[in-house]
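Student: I am new to this structure and would be grateful for a close look at one part of it. Please begin with a single charged side chain and its partner, and then place that part in its wider setting.

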Amino acid sequence: MRALLLENVHADAAAALEAAGCAVEVVDRAYDEAELTRALDGVQILGIRSKTEVPAAVLAAAPDLLAIGAFCIGTNQIDVAAADQRGVAVFNAPFSNTRSVVELAIAEIVALTRRLTQKNADMHAGVWDKSAEGAHEIRGRRLGIVGYGNIGAQLSVLAEALGMQVLFYDTADKLALGNARRCESLDELLETADIVSLHVDGRSTNRGIFGEEQFARMRRGSLFLNLSRGFVVDHDALRAHIESGHLAGAAVDVFPREPKGRGEGFVSELRGLPNVILTPHIGGSTEEAQQDIGRYVAGKLRDYVVDGATSMSVNLPHLALPPKPGGHRIAHLHRNVPGVLAAINGLLADSKVNIEGQLLNTRGELGYVLTDVSVDYPPVVLDKLAAMDETVRVRLLS
Ligand SMILES: NC(=O)c1ccc[n+]([C@@H]2O[C@H](COP(=O)([O-])OP(=O)(O)OC[C@H]3O[C@@H](n4cnc5c(N)ncnc54)[C@H](O)[C@@H]3O)[C@@H](O)[C@H]2O)c1
C-alpha cells in the first residue's frame, strides 16, 4: 500500500498509516490537477486538506486509488459523485475542529465588541485612548447564528454560558439547545441580532447567499462574522457596509480566493478596514484539532483498507464487520440493484466456499457487502466476482 499525504497533515496521520504497513509520502503543500494526476500513479490512499481539488478527471486517471482522506471538515474539493462511480471511499473529520472554530468565534465577538482591534492599533502607534465609547459587554447581546450544525450549535452553548441571548436560523429542522430561539426566516434573525455569525455548510446553493440585501437588513451598529466558507459572502457589499458605518465591525476567516500556501500574497476587498479582523482560514487550525483530525481520518483510512470498514464514510454505505482472524475477507462494492447479494452468494456456493460472516448495506446507488470466508477458496472466485456486471470494485482484504 502507498499513501500520499498532501498539505501538511498532522504527523500522527503518517505514523498511523505507517503502523498499518503503508509506505507514506508526505508533502507540505497542495497539488494542482496535473501534479496530482502524476503523483497518484500506484497510490492507494490520498490525504488532502481543503486546497487540493480532486475532480473526476483525476479520479479517472488513478485506477489504483482506493480511498481519499479529507483531513478537514468539508469535502467539496472532491468530486464525490465521481468517487462513488469508481468505488473510491471518501472520509473526513466532521467534528475534530468544531471546538477550535467556536473558540475563535467567541474571541472575535469579544474583541470586536470591545473594539480591541482599534485600541491595539492605537497603542502600537503610541496613542493612549482610554475611553468606554463604542465598547460593550457581550453579556445580554443577541447572537444570531446562521447554520445550526456542529459548529453553530456548539457556539450557541458557549455563547449562552457567557450570558448572550442566542437566536439561530437553519434551513433544516434543528433542536434548539438551552434557551436558544429558532428564527422562522433569515430576515427575522438579521433584523434582531446584534451579532450575526455564519456557520452554513459548503453546498453549492450557498454561493453568494449573503450580500447587499442581507447586510442592509442587519441592525445599524451590528457585527458580522464568517468562519464558514468564503464563497458564501459578497465582500464588496461587506466593505461598503463597514465603510458607511452601518456595520460596526467584522471578522472574516474564509475568502472566495485564498492563497495556495504560506507566504503567498493575500488579496482582498476587506484589507485595511477599521475594526475588521482578518485571519488566514485558521478557525480550525489549532494543534489540538490538527492532531485529532490526523488521528481520526488516518484511523478511518486504515480501517477501510485493512478491514473494509466504512463507518462515517462520506460516500460509501456504512458497514463494519469485526475482524475475524484466520480467514479471508472479501469486500464487494456494487451498483445497488436487486439480486446482487444472491448472485455473490451463488458464486461462492458454486465454488464450495463457506461463508463465515457477512454484512450488507446500501446507500443511494451503491451497495457494499463484506463477506468472511474459510481459508480454502479457489482464486477464480475473485475473478468471477470482479466480472459481475454490477461490480464497482472487489478487494480481498486478508
Ligand atoms: N474556518 C475554519 O477553519 C473552518 C473549520 C471548520 C469548519 N468550517 C466551516 O464551517 C461550516 C460549518 O461547519 P459544521 O461542521 O457546523 O457543518 P454542519 O454541516 O454540521 O452544519 C451546517 C449547518 O448549516 C445549515 N445550512 C446550510 N445551508 C444553510 C443556509 N443557506 N441557511 C441556513 N442554514 C443552512 C445546515 O442545515 C446545517 O445545519 C462549514 O462550512 C465548514 O466548512 C470552517
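Tutor: Arg217 is partly exposed, since its relative accessible area is 33%, a value that falls between the limits of 20% for buried and 50% for exposed. This and every other value here comes from a predicted model. Glu191 is likewise partly exposed, at a relative accessible area of 40%. Arg217 and Glu191 form a salt bridge, in which the closest N and O atoms are 2.6 Å apart. The bridge links distant parts of the chain, for Arg217 belongs to helix α9 (residues 212-217) and Glu191 to helix α8, with their positions 26 residues apart.

In total, 17 salt bridges are counted. One of them joins the side chains of Lys324 and Glu356, with an N to O distance of 3.2 Å. Lys324 sits in the loop between α11 and β13 (328-335), whereas Glu356 is part of strand β14 (residues 355-363), so this bridge ties together parts that are 32 residues apart in sequence. Lys324 counts as partly exposed because its relative accessibility is 42%, and Glu356 is partly exposed with a relative accessible area of 38%. Elsewhere, Arg142, Asp194 and Arg219 are joined into one network by salt bridges that share partners.

Within that network, Arg142 and Asp194 form a salt bridge whose closest N and O atoms are 3.3 Å apart. Because Arg142 lies in strand β6 (residues 142-146) and Asp194 in the loop between α8 and β9 (195-198), the pair ties together parts that are 52 residues apart in sequence. The two partners fall into separate classes of exposure: Arg142 is partly exposed, with a relative accessible area of 24%, while Asp194 counts as buried at 11% relative accessibility.

Helix α8 (186-192) also leads to a buried position. Cys183 lies in the loop between β8 (181-182) and α8, and Cys183 is buried, because its relative accessible area is 0%. Apart from residues up to four places away in sequence, Cys183 touches Leu167, Phe168, Tyr169, Glu188 and Leu189. The C-alpha atom of Cys183 is separated by 9.1 Å from that of Gly144, a residue 39 positions away along the chain.

A charged residue may also be buried without a salt bridge, as Glu7 is in this model. Glu7 is found in the loop between β1 (2-5) and α1 (11-19). The nearest side chain of opposite charge belongs to Arg49, at 5.4 Å, which is beyond the 4 Å allowed for a salt bridge. A polar atom of the Glu7 side chain nevertheless lies 3.0 Å from the backbone nitrogen of Arg49. The residues that Glu7 touches, beyond those up to four places away in sequence, include Val27, Arg29, Ile48, Arg49 and Thr52.

The ligand offers a further setting for charged side chains. It is surrounded by 28 residues, and the closest are Ile151, Asp170, Val200, Asn206 and Asp253. One oxygen atom of the ligand is 2.6 Å from a polar backbone atom of Val200. An oxygen atom of the ligand is also 2.9 Å from an N or O atom in the side chain of Arg229. For Asp253, an N or O atom of the side chain is 2.8 Å from a nitrogen atom of the ligand. Taken alone, the ligand exposes 870 Å², and the protein buries 89% of that area.

Two loop residues are connected with this surrounding. The side chain of Thr279 makes a polar contact of 2.7 Å with that of Asp253. Thr279 lies in the loop between β12 (276-278) and α11 (287-307) and is buried, at a relative accessible area of 12%. Gly74, in the loop between β4 (67-70) and α4 (80-86), is buried as well, with a relative accessible area of 14%. Although Gly74 and Arg229 are 155 residues apart along the chain, their C-alpha atoms are separated by 9.5 Å.

These details belong to a chain of 398 residues, of which 48% count as buried. The chain has 13 helices and 16 strands, and its C-alpha atoms fill a box of roughly 85 × 45 × 30 Å along the principal axes. Among contacts with a separation of 6 or more, 64% are between residues 24 or more positions apart.

How values were computed:
Residues are numbered from 1 along each chain as its sequence is written. This is a predicted model: local features need pLDDT of at least 70, side-chain atom pairs count only at pLDDT 80 or more; totals for chains, interfaces and linings use all residues. Side-chain values use heavy atoms; hydrogens and water are left out. Helices (H or I, at least four residues) and strands (E, at least two) are DSSP runs, numbered from the N terminus. Buried means under 20% relative accessible area, exposed over 50%, partly exposed in between (1.4 Å probe, protein chains only). Contact means heavy atoms within 4.5 Å. Lys and Arg count as positive and Asp and Glu as negative; His and the chain ends are not counted. A polar contact is a pair of N or O atoms within 3.5 Å; within protein, one must be able to donate a hydrogen and the other to accept it, and residues adjacent in sequence count only if both atoms are side-chain atoms. A residue is near a molecule or strand if one of its heavy atoms lies within 4 Å of it. Accessible areas come from the Shrake-Rupley method with a 1.4 Å probe; for residues, only the protein chains shown count as cover.
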